[in-house]
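Work through the two exercises below with the model open. Try each task before you read its solution.

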Amino acid sequence: MVTTLLLLVALGLYTLFCYYKGREENDEETDDDIVCEQTDNDVEELGNCSTRVLVMRTLRNMGAEPELDEKENFRFQYQGEHFMIEADNDCLFINVYDLWWYHLSTYCDVEEFARMQKVVNLINSYSSCTVLYTINKEAEMIGIHSKKNMLFIQQIPNLEGYLASVLDDFFKVQRTVITEIEKMKVAEEQQ
């Protein structure tokens, strides 16, 4: 019984040692140290590219100059619009955001807020991007944002085109939200 217990403790300590040793090695490796060149001859190399490096490389290939914010998120401009990408090397999915592209004052009419809320719910029923609103009490603003969670791996052909098509969806969602809000305003005025 004592021997089994000592064996389990030793095995647990060895597991912890290996875990922390592996974490130290991963911490020493920076995004710039990881090479992720895609070649047709070496399929095993495809899995070696970290998600963050893949995002950085793809954005640069698209002509965007990403910058890291205080939370290590990528911020960049695409066709004049400001976007943000959350990417983690432990995950094969990224979150893409288009923040504060429409806003209302917190002192707006109840009808205006209700109209915006109805349109957000309507768009979310069929859009590939999620539309949401937040309230910034300090700035006294209600902002509308868009978000998309997407798979982002090197095995996807033409990553630049893939990301560009997703970013283009954000523009479509913006136009649709603004158009629907205006349609509701006109319909209410005609009543």
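The exercises cover one helix pair and some aromatic rings in this predicted model.

**Exercise 1. Helix packing**

Task: Find how the axes of helix H3 and helix H4 cross, and which residues make the contact.

Solution:
- Step 1. Locate helix H3 at residues 110-124 and helix H4 at residues 159-190.
- Step 2. Their axes come within 9 Å and cross at roughly 135°.
- Step 3. Angles over 145 degrees would count as roughly antiparallel. H3 and H4 are therefore oblique to each other.
- Step 4. The crossing of H3 past H4 is right-handed.
- Step 5. H3 contributes Arg 115, Met 116, Lys 118, Val 119, Leu 122 and Ile 123 to the contact. From H4 come Val 173, Thr 176, Val 177, Glu 180, Ile 181, Met 184, Lys 185 and Glu 188.
- Step 6. Sort the residues of this contact: 8 are nonpolar, 1 is polar and 5 are charged.

**Exercise 2. Aromatic pairs**

Task: Classify the ring pairs Phe 83 with Phe 170 and Phe 113 with Tyr 133.

Solution:
- Step 1. Count pairs with ring centres within 6.5 Å. The count comes to 7 aromatic pairs.
- Step 2. For Phe 83 and Phe 170, the centres are 5.5 Å apart and the planes are at 70°, so the pair is edge-to-face.
- Step 3. Phe 83 lies in strand S3 and Phe 170 in helix H4, 87 residues apart. Both residues are buried.
- Step 4. For Phe 113 and Tyr 133, the centres are 5.6 Å apart and the planes are at 90°, so this pair is edge-to-face.
- Step 5. Phe 113 belongs to helix H3 and Tyr 133 to strand S5, 20 residues apart.
- Step 6. Phe 113 is partly exposed at 22% relative accessibility. Tyr 133 is partly exposed at 27%.
- Step 7. Phe 83 and Phe 170 also belong to one aromatic cluster with Phe 76, Tyr 78 and Phe 171.

Terms used. Residues are numbered from 1 along each chain as its sequence is written. This is a predicted model: local features need pLDDT of at least 70, side-chain atom pairs count only at pLDDT 80 or more; totals for chains, interfaces and linings use all residues. Side-chain values use heavy atoms; hydrogens and water are left out. Axes are lines fitted to C-alpha atoms, for helices over the stretch in contact, and angles run from 0 to 180 degrees between N-to-C directions. Helices (H or I, at least four residues) and strands (E, at least two) are DSSP runs, numbered from the N terminus. Angles under 35 degrees count as roughly parallel, over 145 as roughly antiparallel, 65 to 115 as roughly perpendicular and the rest as oblique. A crossing is left-handed if the near helix is turned anticlockwise from the far one by less than a right angle, and right-handed if clockwise. Contact means heavy atoms within 4.5 Å. Ala, Val, Leu, Ile, Met, Phe, Trp, Tyr, Cys and Pro count as nonpolar, Asp, Glu, Lys and Arg as charged, and the others, Gly among them, as polar. Rings of Phe, Tyr and Trp (its six-membered ring) pair if their centres lie within 6.5 Å; planes under 30 degrees apart count as stacked, over 60 as edge-to-face and the rest as tilted. Buried means under 20% relative accessible area, exposed over 50%, partly exposed in between (1.4 Å probe, protein chains only).
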